[in-house]
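Trainee: Could you walk me through one part of this model in detail, along with whatever sits around it? I'd like the cut-offs as we go.

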Amino acid sequence: MSDDPRTNPSKVADDRASLTAFLDYQRATLAMKCAGLTGAQLRQRAIPTSTLTLLGLVRHAVEVERSWFQTVLGGKSLPALWPRVNGAFGEWQVVDADVDEAFTLWRATCEDSRAMVNAFPTLDARVEFRGESISPRYVLTHMMEEYARHNGHADLLREAIDGAVGE
């Protein structure tokens, strides 16, 4: 029987296990939406007026994970990995982007994020960031929302590429 709180309702997970499992599920969903595609497909736009691509979503996930877990919770000052281009966020500029680099960075960043959350004794611990008190619980919840929203985008992008739908 699985210990995953999402798939085994007979077990009750504490908040840390539950929230981290749901976030990991959202991360896995994005990975699944990208699985089996070529670099060209990962760079493919669904509509010409948007820079939204699956590869851009992965690179965006790297930046958002770093921002919330390392900068907000960890107090680190980190430069953007993909600087702005003509005022636009660089993570969305994927024409010449290295697919392997993006996925390697994403996996490593997710591991760093997990370690950051595990470093807090409770999810109710607080850090001060730009005049606000923020908890790991808030960051985990926000990140689930962030991934869920973008996984909706990923679902539409993947369907436009090869017709694949669903979780």
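**A close look at α3**

Mentor: Let's come in from a neighbour: Ala-115 is found in helix α4. Helices here are DSSP runs of H or I with at least four residues, strands are E runs of at least two, and both are numbered from the N terminus. This is a predicted model, so local features need pLDDT of at least 70 and side-chain atom pairs count only at pLDDT 80 or more, while totals for chains, interfaces and linings use all residues. Residues are numbered from 1 along each chain as its sequence is written, and side-chain values use heavy atoms, leaving out hydrogens and water.

Ala-115 counts as partly exposed because its relative accessibility is 48%; buried is under 20%, exposed over 50% and partly exposed in between, with a 1.4 Å probe and protein chains only. Its C-alpha is 9.3 Å from that of Phe-69, although the two are 46 residues apart in sequence.

Now to α3 itself, which runs 54–73. At 1.5 Å a residue (times one less than the number of residues), its 20 residues should span 28 Å, and the end C-alpha atoms sit 27 Å apart, which agrees. There is still a bend of about 25° at Ser-67, taken as the angle between axes fitted to the seven residues ending there and the seven starting there. Most of the helix is covered, with 19 of its 20 residues buried. Just past the end of α3, Gly-75 has a positive phi of about 70°. Further on, in the loop between α3 and α4 (99–118), you meet Asn-86. Asn-86 isn't a glycine, yet its phi is positive, about 50°; at 82% relative accessibility it counts as exposed.

Back at the bend, Ser-67 also shows up in the largest pocket, where it is among the residues closest to the centre, with Thr-71, Val-72, Phe-129 and Arg-130, out of 15 that line it. On a 1 Å grid over the protein atoms alone, a pocket is an open set of points with protein on both sides within 12 Å along at least five of seven lines, a cavity is a set where a 1.4 Å probe fits but cannot get out, and lining residues have an atom within 4 Å of a point. The pocket holds about 300 Å³, volume being the space filled by probe spheres set on the points, which are joined across faces, edges and corners. α3 gives the largest share of the lining, six residues, and β2 (132–134) supplies at least two. By class there are eight nonpolar, three polar and four charged residues; Ala, Val, Leu, Ile, Met, Phe, Trp, Tyr, Cys and Pro count as nonpolar, Asp, Glu, Lys and Arg as charged, and the others, Gly among them, as polar.

Arg-130 deserves a second glance: it lies in the loop between β1 (127–129) and β2, has a positive phi near 50°, and counts as exposed at 74% relative accessibility.

α3 also has a hand in the largest cavity, supplying at least two lining residues, as does α5 (136–162). That space is about 40 Å³, and the search of the whole structure finds one cavity of 30 Å³ or more. Its lining is Leu-30, Leu-57, His-60, Ala-61, Glu-146, Tyr-147 and His-150, which divides into four nonpolar, two polar and one charged.
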